[in-house]
Amino acid sequence: DLLAELERRSVRSPALILMALERFISGMPAAQAASDLETSSGSFDTFRFNKALMIGDWKTVRSGLKDFTEGDAYMIRAASAGWLRGCLLREPTGKRAQALSESLRLLTNNAPYEANTLHYWLVGTFYQACQKLKVVTNA
């Protein structure tokens, strides 16, 4: 499905293919995941955003959330879920692992399907994740 859409649209850039894959994996239909890749926000710094998330830095996370669009919501959710998963798998058991696990579950459970609703849902979810991660970072 996704490969056919990317081929139909002549998408050849590895970065755009990866972006489409992230969107598709996070639940977006193939046609939508492969469309508007050039207009998606290429300026969103997922590395900086996720580093701030890991320490519960709501000020930096909030700043990043102000700049993202509805179309970026799937990509940001997928990127952050992947980051949380990677951190959790490297973490030994304990309070930090528990906070990572709870944050990952917040981000991946019961998310709305529509991009406009997901956009708003993510703001609240990232706030909750920051609160959980901040507590164990500052302990």
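This section describes the salt bridges, the cysteines and a nonpolar surface patch of a predicted model.

The count of salt bridges comes to 3. Two of the pairs involve E5: the closest N and O atoms lie 3.1 Å apart in the pair with R8 and 3.3 Å apart in the pair with R9. E5, R8 and R9 are thereby linked in a network of salt bridges. Within helix 1 (residues 2-8), E5 and R8 are 3 residues apart, and about one helical turn therefore separates them. The members of this network vary in accessibility: E5 counts as buried at 16% relative accessibility, R9 is partly exposed at 33%, and R8 is exposed, with a relative accessible area of 56%.

A further salt bridge joins the side chains of K132 and E102, with an N to O distance of 3.1 Å. This pair links distant parts of the chain, as K132 belongs to helix 8 (residues 115-137) and E102 to helix 7 (residues 95-108), 30 residues apart. K132 is partly exposed, with a relative accessible area of 30%, and for E102, likewise partly exposed, the value is 30%.

A search of the whole structure returns 0 disulfides. The cysteine sulfur nearest to that of C87 belongs to C130, 13 Å away, whereas a disulfide requires the two sulfur atoms to be within 2.5 Å. C87 counts as buried at 15% relative accessibility, and C130 is buried with a relative accessible area of 0%.

On the surface, L18, L21, F24 and I25 make a nonpolar patch of about 370 Å². Of these residues, I25 is found in helix 2 (residues 14-25) and is exposed, its relative accessible area being 63%.

Notes. Residues numbered from 1 in each chain as written. Predicted model: local features only at pLDDT ≥ 70, side-chain atom pairs only at ≥ 80, totals over all residues. Heavy atoms only, no water. Buried < 20%, exposed > 50% of the residue type's maximum accessible area, 1.4 Å probe, protein only. Patch = residues over 30% accessible without salt bridge, like charges linked within 9 Å, V, L, I, M, F, W, Y side chains within 5 Å. Areas by Shrake-Rupley, 256 points an atom, 1.4 Å probe, with all protein chains shown as cover. Salt bridge = Lys/Arg side-chain N within 4 Å of Asp/Glu carboxyl O. Helix = DSSP H or I, 4+ residues; strand = E, 2+ residues; numbered from the N terminus.
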